[in-house]
Amino acid sequence: ADFNPQARQLAATWRTRGGPDRAIVDRALDMFTSQPFVYTLSPPLLGPNAVDDFLFGSKSGFCEHYAGSFVFLMRAAGIPARVVTGYQGGELNPIGNYLIVRQSDAHAWAEVWLEGQGWVRIDPTARIAPQRVELEGGLLAALPASEHLPIFARVDFDLLRKVRFGWDLVNYNWHKWVLGYSYKRQSELLSSFGIGLDSARGMAYALLIGIGGLMLTFAALMLRRLRLLPSDPAVSAYRRFCRRLAAAGLARQTNEGPTDYAKRIQQLRPDLAASVTRITELYVALRYRPQPTTAEIRRLRQLVWVFRP
């Protein structure tokens, strides 16, 4: 009761003139239109009687100033009123085909209670800066020429706008498919493939089956890759040599190296000692030599080919 006496007096004057509540609403809006009010994001500081300072002093402010002062006038005149805050407008991202609503799209307006109509939306800012409440103009169009937004908040640079659209699309998909990948989102994704799951247990089973399928596919690809890898020709020839000895009852033990294996064969089959020694020595030389020659590889294959234990 002790604040903003000028605004209270003005509202009382409107009330004494008589007429319906709608007439008082129109008088307040006409005041904003007829007097030199300015829309700005850098208004001067206001004192304790902020509404009086704004309406009868600075006459400069943004949407919250206009909505707040309008609601104060309506309540002072006995009309139920309230400030409503939210977002107004936005910008269509043509790359992702969705609407971008930024913090710069935040807006404040008012609602008044009129008999027979209920809560009616009133936007006093539209009387000062109609561009502010139009989708095409937005915040940038509402500012005077002397006032500019920071460069990253502007949307009138074509190249910068395209870069922002691309980055926003990346950020949007990250939030949609990673941070916001909920049960509902999973169901929607599976439904698009014709898979309907109506329980968390079913979703878990599908997830396990999917992971298992991926692991099997990965294992198959790895095995195929291993089969396609070129083998060491010396190793291939030596394995054939070992298979022929195993067929004769002289299998190589898992803990035997080539030299130890050859020594054991020489003791068990002295008749094979010369051939086994030549093959083993040549294999060891080729296996651990940096770059064996083609002729040496061919010689090892020939020795193994004619070897008949």
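Q: In which sense, left-handed or right-handed, does H2 pass H4 in this predicted model?
A: Start with the geometry: the axes of H2 and H4 come within 10 Å and cross at roughly 145°. As for the hand of that crossing, it is right-handed.

Q: How do the residues of the contact of H2 with H4 divide into nonpolar, polar and charged?
A: Let's see who takes part. H2 brings Ile24, Val25, Ala28, Leu29, Met31 and Phe32, while H4 brings Tyr66, Ser69, Phe70, Leu73 and Met74. Sorted by type, they come to 10 nonpolar, 1 polar and no charged.

Q: In what order do the 3 strands of the open sheet come?
A: The pairing in this sheet is antiparallel, and the twist averages 35° from one strand to the next. Strand S3 (81-87) and strand S7 (118-122) are the edge strands, each pairing on one side only. That gives the order S3-S6-S7.

Q: Over how many bridges do S3 and S6 pair?
A: You can pick out one spot on the pairing by looking at Val83, whose bridge partner in S6 is Ala110. The two strands run in the antiparallel sense, and the number of bridges between S3 and S6 is 7.

Q: Which residue in S7 is the bridge partner of Ala110?
A: Strand S6 (residues 106-114) also pairs with S7, in the antiparallel sense and over 5 bridges. Along this pairing, Val112 stands opposite Val120. For Ala110, the partner in S7 is Ile122.

Q: Which residue takes a positive phi in the hairpin of S6 and S7?
A: Follow the chain from S6 into S7 and you'll find 3 residues between the strands. The residue with a positive phi, near 85°, is Gly116.

Q: At about what angle does H4 run to S6?
A: First, a look at the other helix: H2 (residues 21-34) lies across S6 and S7, and runs at about 15° to S7. Helix H4 (residues 63-76) packs on the sheet too, touching S3, S6 and S7. Its direction and that of S6 make an angle of about 15°.

Q: How many of the 9 residues of S6 are buried?
A: Picture the surroundings of S6: H2 lies across this strand, and H4 touches it. S6 is largely enclosed by the rest of the structure, because the number of its residues that are buried is 7.

Q: How are H10 and H13 oriented to each other, roughly parallel or roughly perpendicular?
A: Now for another helix pair. The axes of helix H10 (residues 233-247) and helix H13 (residues 294-306) come within 10 Å and cross at roughly 15°. Angles under 35 degrees count as roughly parallel. H10 and H13 are therefore roughly parallel.

Q: How many charged residues are in the contact of H10 with H13?
A: This crossing is left-handed. On the H10 side, the contact is made by Pro233, Ala234, Ala237, Arg240, Phe241 and Arg244; on the H13 side, by Ile297, Leu300, Arg301, Val304, Trp305 and Val306. Of these, 9 are nonpolar and none polar, and the charged ones number 3.

Q: How far apart in space are Leu92 and Phe165, C-alpha to C-alpha?
A: You'll find Leu92 in strand S4 (residues 91-93). Leaving aside its neighbours within four places in sequence, Leu92 is in contact with Asn97, Tyr98, Leu99 and Phe165. Leu92 and Phe165 are 73 residues apart in sequence, yet their C-alpha distance in space is 9.2 Å.

Notes. Residues are numbered from 1 along each chain as its sequence is written. This is a predicted model: local features need pLDDT of at least 70, side-chain atom pairs count only at pLDDT 80 or more; totals for chains, interfaces and linings use all residues. Side-chain values use heavy atoms; hydrogens and water are left out. Axes are lines fitted to C-alpha atoms, for helices over the stretch in contact, and angles run from 0 to 180 degrees between N-to-C directions. Helices (H or I, at least four residues) and strands (E, at least two) are DSSP runs, numbered from the N terminus. Angles under 35 degrees count as roughly parallel, over 145 as roughly antiparallel, 65 to 115 as roughly perpendicular and the rest as oblique. A crossing is left-handed if the near helix is turned anticlockwise from the far one by less than a right angle, and right-handed if clockwise. Contact means heavy atoms within 4.5 Å. Ala, Val, Leu, Ile, Met, Phe, Trp, Tyr, Cys and Pro count as nonpolar, Asp, Glu, Lys and Arg as charged, and the others, Gly among them, as polar. Two strands pair if DSSP finds at least two bridges between them. Buried means under 20% relative accessible area, exposed over 50%, partly exposed in between (1.4 Å probe, protein chains only).
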